[in-house]
Amino acid sequence: MKDAFGTPQSLLILGGTSEIGLATARRLIARGARTVWLAGRPSAALDTAAGRLRTLGADVRTVAFDALDPGSHGEVLGKVFAEGAIDLVLLAFGIPGDQARDEAEPLAAVRVAQTNYTGAVSAGLVCAGALQTQRHGSLVVLSSVAGERARRVDFIYGSSKAGLDAFAQGLGDAMYGTGVQIMIVRPGPVRPRTAAGRPDTPLATTPEAVATAIELGLRRRSETVWVPGALRVVMAAVRHLPRPLFRRLPV
């Protein structure tokens, strides 16, 4: 259960090597979270991530999870919830794809869609159902500003995030009044640690900034969180631009 200040004591990160997921875990461990599940494909990176979180004082466990195998989601995630209540599920997996390659190779585009949308729908429904059974908990869904309006440069990725975002909105309505919070997070371009020193993209953010926004959103019981917050206003304008004008924007 959450502590007196509303901080989750146990969390499940779907996408256990996600920089945003791990930044969120570090922040919540510093606030008192004690149990962390990292769900992802078995790898040295997953083991390393778990080891680093353990040094912060948390009980960290890993579980083999594959977004592209929805038939296994019920069993795999069911075993996690069977070990004890989960206060927070962070749906953080996804792949950006390669727009040029994906346009030329439809099966590659399908993989982006299946990972970012189909896999997320499956895992999201399984986790929402488990949270509803325990009658408390939050499901945080990492969407993207790219899903707000498809751009020529990444419309395959953007369309998958648009679908995920719409799904999460509907799931939030379905969970309303059940004790389960669904929160959608829409970050701008996320600058990874490896990009330190490179020129910033306008309205770019960092994993740490997204983690901070997630914690604040959970405390406020927010339904939607933009990172940075200015994106809410910017995208309200971009969303309504006539298509001929939108096509000319340097984005």
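How are helix 1 and helix 7 oriented to each other? They are oblique to each other, and you'll find the details of that pairing further down. What you're looking at is a predicted model, so every value here is computed from predicted coordinates. The protein chain has 9 helices and 7 strands, and this briefing walks through its overall build, two helix pairs and a handful of single residues.

**The whole chain**

- Start with the parts list: the secondary structure adds up to 9 helices and 7 strands.
- A compact globule of 251 residues would have a radius of gyration near 18 Å, and the protein chain agrees with that, because its own value is 18 Å.
- If you lay the C-alpha trace along its principal axes, it spans about 55 × 40 × 35 Å.
- Of the 251 residues, 48% count as buried.
- Take the contacts with a separation of 6 or more: 71% of them join residues that are 24 or more positions apart.

**Helix 1 with helix 7**

- Back to the opening pair: helix 1 covers residues 19-30 and helix 7 covers residues 207-220.
- Their axes are 8 Å apart and the helices pack at an angle of about 55 degrees.
- That angle is neither under 35 degrees nor between 65 and 115 degrees nor over 145, so helix 1 and helix 7 count as oblique to each other.
- The crossing of helix 1 past helix 7 is right-handed.
- On the helix 1 side, the contact uses Glu 19, Ile 20, Ala 23, Thr 24, Arg 26, Arg 27 and Leu 28.
- On the helix 7 side, their partners are Pro 207, Glu 208, Val 210, Ala 211, Thr 212, Ile 214 and Glu 215.
- Sort the residues of this contact by type and you get 7 nonpolar, 2 polar and 5 charged.

**Helix 5 with helix 6**

- Helix 5 runs over residues 106-134 and helix 6 over residues 155-175.
- The two axes come within 9 Å and cross at roughly 15 degrees.
- An angle under 35 degrees counts as roughly parallel, and therefore helix 5 and helix 6 are roughly parallel to each other.
- This crossing is right-handed.
- Helix 5 brings a long list of residues to the contact, including Ala 109, Val 112, Asn 116, Tyr 117, Gly 124 and Gln 132.
- Helix 6 answers with residues including Ile 156, Tyr 157, Ser 160, Gly 163, Phe 167 and Met 175.
- By type, the residues of this contact split into 14 nonpolar, 5 polar and no charged.

**Ala 168, a buried residue**

- Ala 168 sits in helix 6.
- Is Ala 168 buried or exposed? Its relative accessibility is 2%, so Ala 168 counts as buried.
- Skip its neighbours within four places in sequence, and Ala 168 is in contact with Val 141, Ile 182 and Ile 184.
- Ala 168 and Gly 124 are 44 residues apart along the chain, with 8.3 Å separating their C-alpha atoms.

**Ala 44 and Gly 74**

- Ala 44 belongs to helix 2, which covers residues 44-54.
- With 59% relative accessibility, Ala 44 counts as exposed, because exposed means over 50%.
- From Ala 44 to Asp 173 there are 129 residues in sequence and 38 Å in space, C-alpha to C-alpha.
- Gly 74 is part of helix 3, residues 73-82.
- Gly 74 has a relative accessible area of 42%, so it is partly exposed.
- Gly 74 and Lys 161 are 87 residues apart in sequence, and their C-alpha atoms are 23 Å apart.

**Backbone details in the loops**

- Check the peptide bond from Val 227 to Pro 228: it is cis, with omega near -5 degrees.
- Pro 228 is in the loop between strand 7 (224-227) and helix 8 (231-238).
- Arg 135 is not a glycine, yet it has a positive phi of about 70 degrees.
- You'll find Arg 135 in the loop between helix 5 and strand 5 (137-142), and at 69% relative accessibility it counts as exposed.
- Arg 221 isn't a glycine either, but its phi is positive, at about 60 degrees.
- Arg 221 is in the loop between helix 7 and strand 7, and its relative accessible area of 47% makes it partly exposed.

Definitions and conventions: Residues numbered from 1 in each chain as written. Predicted model: local features only at pLDDT ≥ 70, side-chain atom pairs only at ≥ 80, totals over all residues. Heavy atoms only, no water. Axes fitted to C-alpha atoms, helices over the stretch in contact; angles between N-to-C directions. Helix = DSSP H or I, 4+ residues; strand = E, 2+ residues; numbered from the N terminus. Left-handed = near helix turned anticlockwise from the far one by under 90°. Contact = heavy atoms within 4.5 Å. Nonpolar A, V, L, I, M, F, W, Y, C, P; charged D, E, K, R; others polar. Rg over C-alpha atoms; globule rule 2.2 N^0.38 Å. Buried < 20%, exposed > 50% of the residue type's maximum accessible area, 1.4 Å probe, protein only.
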